[in-house]
Amino acid sequence: MKDKGSLNLIREINTSIILDVLKEKAPLSKYDISKITGLSAPTVSNIISDLIKVGFVKETGMGESIGGRPPLLLDLNLEGGFIIGIDVGSDDIRAIVADFLGNIITKTEIQVTPGDSEFIIFDKITLAISDVIKKSKKDMSLFFGMGIGIAGEVDSHNGIIKHASRLKWSNVPLKSIIENSFHIPTYVDENVKLLTLAEQWHGSGSNYDNIVCIRVGDDIGAGIIIDGKLFSGSHDRAGVNIGHLIVKTDGPKCECGNSGCLQSLISSNAIILRTEEMLRNYKNSTCINYVNLDSTNSKETANTGISLLEEYLRKQNKLSVEAIAKLAKEGDNISIQVMDEIGKYLAIAISNIANCLDPDVIIIGGGIAEAGEVLFAPLYKYLVTTIEFTNPLLKVVKSELGVNAFAMGAATAVLHQIFQSPGKFIEDKIR
């Protein structure tokens with residue numbers, strides 16, 4: 001005889017199977033679910049009854065009769081519960097409320113400034129959560145959970161931010177603080193791992209079981225999915241330190257102490273520093289009489305040989321990766337060279353990853369991915385020979401989830417928990 005623990009585990013697995021089938025194929029009848037899953041009709045009926053009771057599933061009407069009474073159709077209940085997703089970035093904090101399939105219901109954004117202390121940042125996180133809940137106009141009892149993503153070293157099992165240099169945080173028990181404040185089950189993890197889950201559920205990785213998602217921004221990191229499951233490694237750090245792959249042995253010094261790390265070459269700060277260096281070299285090596293751009297038009301600018309990059313800097317006095325990508329699209333030679341270098345170093349890293357992990361797809365996310373063709377054209381150019389040798393079927397693509405991708409990843413972490421281990425959520429709701 002099976003003990004109660006074994007029976008509960010079997011029911012948990014069966015419930016997860018039914019939710020997965022409904023997510024992929026609904027609307028379905030109980031008969032359809034039983035036929036697809038191989039589960040008995042009584043098992044399906046009992047589990048569906050609980051799922052309806054807690055609001056995970058709803059009846060949607062009658063299907064076509066195949067002789068006798070028309071079957072009752074079932075689907076996930078998009079109004080039965082909601083998820084909060086928070087992305088804590090170095091420039092802003094984005095918060096979303098999503099439904100049971102990850103569709104965004106509402107969102108909010110709060111800016112983070114370089115001078116913000118760790119306490120101010122925490123206050124802004126709680127403000128973003130409060131604001132997005134208010135905007136959603138949903139009752140607090142309808143929130144199944146909250147996911148929070150952050151770039152840094154995260155103990156995801158205990159919800160502790162062990163180290164986040166951009167935010168000046170060390171050993172912050174974020175999970176317990178947020179749960180005590182909002183009384184919503186909270187999951188905390190490194191944001192690129194959460195982004196990878198979102199890509200698997202909603203994005204460019206939805207048709208694949210072996211995925212690597214690379215974040216290129218202030219930090220370089222990666223999330224890894226192997227055989228359909230997020231791979232964390234023995235210390236929950238798999239992929240997180242991919243920015244410290246050495247791709248140029250005589251490259252610049254990295255914060256880790258080594259030289260030529262990917263982080264030191266294609267992080268946001270590294271890209272800006274490299275662009276400024278190339279501009280200085282350009283100005284020192286040319287004999288052009290520069291004019292005051294305040295008193296000249298674009299035609300005169302072209303005639304004097306002043307680059308679009310210089311013109312931009314004289315007007316804005318501040319450079320960003322977005323601006324460099326835009327200038328490259330407009331034909332600025334220095335910016336084009338910078339994007340070419342980024343493509344080259346990223347191609348070297350991708351080749352190493354492909355050799356080690358043999359994924360189906362590698363997805364590029366983060367701010368630099370929005371550069372589009374000016375990044376991906378040189379990237380593909382440098383990848384051609386190596387990928388043909390290592391993995392000719394490998395796809396390297398851009399994240400298609402947009403500016404809310406990391407917040408969607410945080411929300412997806414909760415959905416992943418619900419679909420993988422629905423028993424806990426069902427028990428909490430039924431009690």
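**Exercise 1.** Which residues lie nearest the centre of the second largest pocket, and how many residues line it?

*Solution.* The model is a predicted one.
- Step 1: count the lining. The second largest pocket has 19 lining residues, and its volume is about 570 Å³.
- Step 2: pick out the centre. Asp20, Lys23, Gln200, Trp201 and Gly228 lie nearest to it.
- Step 3: sort the lining by residue type. The lining comprises 5 nonpolar, 8 polar and 6 charged residues.
- Step 4: assign the lining to elements. At least two residues each come from helix H1 (4-25), helix H6 (191-202), strand E14 (229-231) and helix H14 (405-420).

**Exercise 2.** State the strand order of the open sheet that contains E14, and explain why one side of E14 is left without a neighbour in the sheet.

*Solution.*
- Step 1: write the order. The 5 strands run E14-E13-E12-E15-E16, and the pairing is mixed.
- Step 2: look at the edges. E14 and strand E16 (395-398) stand there with a single partner strand each, so each has one side without a neighbour in the sheet.
- Step 3: add the twist. From one strand to the next it averages 25 degrees.

**Exercise 3.** Describe how E12 and E13 pair, and place H6 relative to the sheet strands.

*Solution.*
- Step 1: take the pair. Strand E12 (residues 211-216) and strand E13 (residues 220-226) are antiparallel, with 6 bridges between them.
- Step 2: fix the register. Ile211 is opposite Ile225 in E13.
- Step 3: add the helix. H6 lies across E12, E13, E14 and strand E15 (361-365), and its direction makes about 130 degrees with E12.
- Step 4: link back to the pocket. H6 and E14 each supply at least two residues of the lining of the second largest pocket.

Note on methods:
Residues numbered from 1 in each chain as written. Predicted model: local features only at pLDDT ≥ 70, side-chain atom pairs only at ≥ 80, totals over all residues. Heavy atoms only, no water. 1 Å grid on protein atoms, 1.4 Å probe; cavity = no way out; pocket = protein on both sides within 12 Å on 5 of 7 lines; lining within 4 Å. Points joined across faces, edges and corners; volume = space filled by probe spheres on them. Helix = DSSP H or I, 4+ residues; strand = E, 2+ residues; numbered from the N terminus. Nonpolar A, V, L, I, M, F, W, Y, C, P; charged D, E, K, R; others polar. Pairing = 2+ DSSP bridges. Axes fitted to C-alpha atoms, helices over the stretch in contact; angles between N-to-C directions. Contact = heavy atoms within 4.5 Å.
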